[in-house]
Amino acid sequence: MDGVIVAAFGRHYEIDTPEGRLRCYPRGKKSSFACGDEVQVLPGGDGQGVIEALRPRRNLLWRSDAFREKLIAANLSHIVIVVATEPGFSDLLVSRCIAAAESQEITPLVVLNKADLHERLPAARAQLEPFARLGYEVIEVSALEGADLLRKRLAGLRAIFVGQSGMGKSTLTNAIVPEANAATREISAALDSGKHTTTFARLYPLPPARASEPAGWLIDSPGLQAFGLAHLSAEDLAEAFVEFRPHLGQCRFRDCRHEAEPGCALRAALESGAIHRRRWEHYRSIREEIAAARRLNPGW
């Protein structure tokens with residue numbers, strides 16, 4: 001029967017089927033499934049089953065370094081990148097998540113949580129200004145109040161919360177899906193980072209925006225401290241920076257590396273202000289990391 005993976009724990013998965021939820025295992029040693037995957041399962045009795053086949057994916061969100069890859073979620077419409085006024089967040093990680101989403105035609109949405117901490121709000125807004133300037137939607141909320149706006153925005157979508165630990169993803173999940181009962185913990189102020197509260201991805205159903213439309217779902221995922229993109233080529237990475245797209249292919253030299261070559265269209269756009277300098281720094285940092293990963297593992 002058909003089913004959707006709603007939770008992934010290493011080599012076993014919880015799958016919702018028309019006949020209820022099953023705990024399933026893949027055939028063989030390979031276990032390359034993600035939350036949100038649509039699969040065919042063979043029930044085996046006692047609430048268990050075997051995954052027989054994977055349905056074609058519309059997209060796949062995943063991260064990788066030189067030697068490892070981690071599947072995060074599949075068949076998404078939106079990636080909701082959760083940051084907060086406290087603790088501090090990495091705008092480079094935001095750029096990484098957006099690049100991963102753009103490469104898979106997933107719509108990014110940035111949520112600035114803990115917006116009630118007014119003294120920290122201006123600095124957080126300034127960090128997010130380069131993304132807002134590009135047209136990426138930024139929603140300011142407080143997980144303890146005002147989550148109704150986000151609940152309405154996510155209605156009918158197939159979305160995932162991603163972000164660093166301590167940003168309040170699980171608290172937001174509880175506010176939007178009260179039955180989730182996701183665990184939350186206090187922030188470790190000494191480390192200026194959150195403590196991991198979600199150890200695996202889990203999918204929760206969301207109501208449709210209108211009764212005549214299909215329902216959606218929300219995936220709460222573990223906190224991220226890194227989001228490697230070693231699986232992207234240099235060309236894919238440049239294409240994933242939306243502000244680069246009008247200038248790609250316009251350089252004087254076809255093999256331009258966008259460093260010191262004369263006639264580089266990207267560097268001209270940077271000097272004119274069409275490309276934000278902070279985003280340019282993000283691009284170069286990720287590009288160098290990808291190059292290093294490919295030197296370590298030419299198999300990419």
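The following conversation goes through a predicted model, from its largest pocket to several single residues.

Me: What is the volume of the largest pocket?

Reply: The largest pocket of this predicted model has a volume of about 500 Å³. It is lined by 21 residues, and those closest to its centre are Ala234, Glu235, Cys256, Arg257 and His258.

Me: Which elements give two or more residues to that lining?

Reply: They are helix H5, residues 234-240, and helix H7, residues 277-296. Helix H7 gives the most, with seven residues.

Me: And what is the lining like by class?

Reply: The lining of the largest pocket has nine nonpolar residues, eight charged residues and four polar residues.

Me: Let us turn to H6. Which of its residues are buried?

Reply: Helix H6 covers residues 265-272, and its buried residues are Ala265, Leu266, Ala269 and Leu270. They lie on the same side of H6, because they cover an arc of only 145 degrees around the axis.

Me: Why would residues a few places apart point the same way?

Reply: An α-helix has 3.6 residues a turn, so residues three or four places apart point the same way.

Me: What do the buried residues of H6 pack against?

Reply: They pack against H7. On the face turned away from the buried side, H6 carries the exposed residues Glu271 and Ser272.

Me: What comes just after H6?

Reply: Gly273 does, and this residue takes a positive phi of about 95 degrees. The loop between H6 and H7 also holds His276.

Me: How exposed is His276?

Reply: His276 has a relative accessible area of 24%, so it counts as partly exposed; the buried class ends at 20% and the exposed class begins over 50%.

Me: Which residues does His276 touch?

Reply: Not counting residues up to four places away in sequence, His276 touches Glu129, Pro130, Arg133 and Leu270. Of these, Leu270 is also one of the buried residues of H6. The C-alpha atoms of His276 and Arg133 are 9.3 Å apart, although the two residues are 143 residues apart in sequence. In addition, the side chain of His276 reaches the backbone nitrogen of Arg278 at 3.0 Å.

Me: There is another histidine, His282. Where does it lie, and is it buried or exposed?

Reply: His282 lies in helix H7. Its relative accessibility is 2%, so His282 counts as buried. Leaving aside neighbours within four places in sequence, His282 is in contact with Asp91, Leu92, Ser95, Phe131 and Phe241.

Me: Now Arg96. Where is it found?

Reply: Arg96 is found in helix H1, which covers residues 91-103. With a relative accessible area of 8%, Arg96 is buried.

Me: What joins Arg96 and Glu289?

Reply: Their side chains are joined by a polar contact of 2.9 Å. Beyond its neighbours within four places in sequence, Arg96 has contacts with Phe227, Gly228, Leu229, Ser285, Ile286 and Glu289.

Me: One last residue: where does Phe161 lie, and what does it touch?

Reply: Phe161 lies in strand E11, residues 158-162, and is buried, with a relative accessible area of 0%. Not counting residues up to four places away in sequence, Phe161 touches a list of residues including Val80, Val82, Leu150, Leu154, Leu172, Ile176 and Leu218. Lys169 and Asp220 are also among them.

Me: How far is Phe161 from Ala66?

Reply: Their C-alpha atoms are separated by 25 Å, and the two residues are 95 residues apart along the chain.

Note on methods. Residues are numbered from 1 along each chain as its sequence is written. This is a predicted model: local features need pLDDT of at least 70, side-chain atom pairs count only at pLDDT 80 or more; totals for chains, interfaces and linings use all residues. Side-chain values use heavy atoms; hydrogens and water are left out. On a 1 Å grid over the protein atoms alone, a cavity is a set of points where a 1.4 Å probe fits but cannot get out, and a pocket is an open set with protein on both sides within 12 Å along at least five of seven lines; lining residues have an atom within 4 Å of a point. Grid points are joined across faces, edges and corners, and a volume is the space filled by probe spheres set on the points. Helices (H or I, at least four residues) and strands (E, at least two) are DSSP runs, numbered from the N terminus. Ala, Val, Leu, Ile, Met, Phe, Trp, Tyr, Cys and Pro count as nonpolar, Asp, Glu, Lys and Arg as charged, and the others, Gly among them, as polar. Buried means under 20% relative accessible area, exposed over 50%, partly exposed in between (1.4 Å probe, protein chains only). The arc is that of the directions from the helix axis to the C-beta atoms. Contact means heavy atoms within 4.5 Å. A polar contact is a pair of N or O atoms within 3.5 Å; within protein, one must be able to donate a hydrogen and the other to accept it, and residues adjacent in sequence count only if both atoms are side-chain atoms.
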